[in-house]
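Hi,

Here is the structure I promised to pass on. Have a look at it first, and my notes on what turned up follow below.

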Amino acid sequence: MERGITDLALFGGTPVFKEDRRVGRPNPGLRDRFLERMNTVLDNEWLTNMGPLMNEFEQRVAEAAGVRHAISVCNATVGLQLLAGETHTGEAEAGDEVIVPALTFIATGHAVRWRGLRPVFCDVDPVTGLIDPDQVEALITPRTRAIIGVHLWGQPCDVDRLEKIAASNRLRLYFDAAPAFGCTYGDEPIGRFGDAAVFSFHATKIVNSFEGGAVVTDDDALAERVRASRNFGTGPDGTIETSGTNGKLNEAAAAMGLTSLEALDENIACNRANFLTYVEALADVPGVTVQEFDSRHRNNHHYMMVTVSEEEAGLHRDALLDVLRAENILAQPYFAQALHQMTPYRGSTPVSLPGAEGLCERLLALPTGAAVSAEDVRTISDVIRTAVANGPGITARRKSELAAAGGE
Ligand SMILES: *Cc1c(COP(=O)(O)O)cnc(C)c1O
């Protein structure tokens, strides 16, 4: 159906959806299996502290990630904190530097700072959003101890180059693989690269344990240190070996994680189908570009990313966001700010990282997942098409409304 500007809910039309279509909605499913496992937890009278379900979950995660060790943690942020302090020469010291991309979820930077270390923000490729290895090299100083690459939206970083850079500078290389469970680099599971990687099992991720995560590695010594530091620094014989925190995954979380893991392949298939429908439905919309993925690797398609070019679409990403939200399509501006632009990290001398900053003006995450049907995807794409067809008109109206509301 052809729709005009006044058909849009933002300008008085009826919303296309009565119920919200959301980003990162937990995938439905498997209630019975979860409750069965919860009964086991209660029967066991073992609620946390390296319980049987946690052990089983770690085993399943290690198998899926193709690594020897999976150490579960209460969330990925804590997993990153445990790793950030691990250097080739023992525990990092206050003021040591860790290079992280400027375009990522805030947790990557915070984990470094929370350990008393200095996050050094590196620019990203202006198209893929992935950390730029050339710029990583330029940021290395005598205080650098580690690089944390982020497999943003499940795309693998340039792991070969980063591994070479880390090796030749004797740095640790970690990957924040929080959004990338089920993804690969070539044919290999994405968790196998660098010294270690961290997955998130937060409720909004493709596998969820309510809150949770895992550090995965093939390095036996590093695994032992992380296993200890997640449990107050307690070694296998019960004595305190290192500093540490309480980062354990409880049994209820493990019950959910195990259940959610069983639905992984099905959910990837569902996301992939939605991705292909979006690609087709948005192909003829000028200025709205689906984030393409390098087909040499497998993506979990948990994040349905597009970029909005204001010059070509006639409206800014934020205007399109307003249009979509009025239709109960709760798209998200992932990310609207790079880390170096955020209050805790904005130094007195402004840093310019154009790759990250440019993407922050254009990125939009659209609803996907098992709760979003092919028909929903077409409806959402139609709204986007109508918005872009009326781009300049929407931009003008928004400006005059903002002015009337007392803006500039
Ligand atoms: C989700 C996410 C995190 C944080 O994971 P939690 O389990 O919520 O702590 C960190 N980094 C990235 C890139 C993420 O997407």
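Before the helix contacts, one cut-off: two residues are in contact when they have heavy atoms within 4.5 Å. Also keep in mind that this is a predicted model.

With that in hand, start with helix α1 (residues 31-44) and helix α8 (residues 251-262). On the α1 side, R33, F34, R37, M38 and V41 meet E251, A252, A255, M256, L258, T259 and E262 of α8. Sorted by class, the contact of α1 with α8 has 7 nonpolar, 1 polar and 4 charged residues. The two axes come within 9 Å and cross at roughly 150 degrees. Angles over 145 degrees count as roughly antiparallel, and α1 and α8 are therefore roughly antiparallel to each other. Their crossing is right-handed.

The other helix pair I looked at is α9 (residues 264-282) with α13 (residues 374-389). Here the axes also come within 9 Å, and the crossing angle is roughly 30 degrees. That makes α9 roughly parallel to α13. In handedness, α9 passes α13 in a right-handed crossing. From α9 the contact takes N274, T277, Y278, A281 and L282, and from α13 it takes A374, V377, R378, I380, S381, I384 and R385. The residues of this contact of α9 with α13 split into 7 nonpolar, 3 polar and 2 charged.

Now the sheets. What is the strand order in the open sheet of 7 strands? It reads β2-β12-β11-β8-β7-β5-β6, with mixed pairing. At the edges stand β2 (69-73) and β6 (118-122), each with a single partner strand, so one side of each has no neighbour in the sheet. From one strand to the next, the twist averages 25 degrees.

Two helices sit against this sheet. Helix α4 (residues 107-114) packs on it and touches β5 (97-101), β6, β7 (144-150) and β8 (172-176). The direction of α4 makes about 150 degrees with that of β6. Helix α6 (residues 159-168) lies across β7 and β8, and runs at about 150 degrees to β8.

The edge strand β2 is worth a closer look. Its partner is strand β12 (residues 213-217); β2 and β12 run antiparallel and are joined by 5 bridges. Going through two of the pairs, S72 has A214 as its bridge partner in β12, and H69 has T217. Is β2 buried or exposed? In β2, 5 of the 5 residues are buried, so this strand is largely enclosed by the rest of the structure. Looking at which way the residues face, H69, I71 and V73 point one way from β2 while A70 and S72 point the other way, and all are buried. So β2 has one side without a neighbour in the sheet, and yet 5 of its 5 residues are buried.

There is also an open sheet of 3 strands, in the order β13-β14-β16, with antiparallel pairing. Its edge strands are β13 (288-290) and β16, each pairing on one side only. The twist in this sheet averages 35 degrees from one strand to the next. Between β13 and β14 there are 3 bridges, in the antiparallel sense, and V288 stands opposite V308 in β14. Strand β14 (residues 304-308) pairs with β16 over 4 bridges, also antiparallel. One of the residues involved is M305, whose bridge partner in β16 is A365.

In strand β16 (residues 363-366), L363 and A365 point one way and L364 and L366 the other, and all are buried. Helix α11 (residues 317-326) lies across β13, β14 and β16, running at about 20 degrees to β16.

Last, a single residue: E357, which has its place in helix α12 (residues 354-362). With a relative accessible area of 23%, E357 is partly exposed. Leaving out residues up to four places away in sequence, E357 touches H340, Q341, V351 and S352. The C-alpha atoms of E357 and N299 are separated by 24 Å, and these two residues are 58 residues apart along the chain.

Cheers

Methods: Residues are numbered from 1 along each chain as its sequence is written. This is a predicted model: local features need pLDDT of at least 70, side-chain atom pairs count only at pLDDT 80 or more; totals for chains, interfaces and linings use all residues. Side-chain values use heavy atoms; hydrogens and water are left out. Axes are lines fitted to C-alpha atoms, for helices over the stretch in contact, and angles run from 0 to 180 degrees between N-to-C directions. Angles under 35 degrees count as roughly parallel, over 145 as roughly antiparallel, 65 to 115 as roughly perpendicular and the rest as oblique. A crossing is left-handed if the near helix is turned anticlockwise from the far one by less than a right angle, and right-handed if clockwise. Ala, Val, Leu, Ile, Met, Phe, Trp, Tyr, Cys and Pro count as nonpolar, Asp, Glu, Lys and Arg as charged, and the others, Gly among them, as polar. Two strands pair if DSSP finds at least two bridges between them. Buried means under 20% relative accessible area, exposed over 50%, partly exposed in between (1.4 Å probe, protein chains only).
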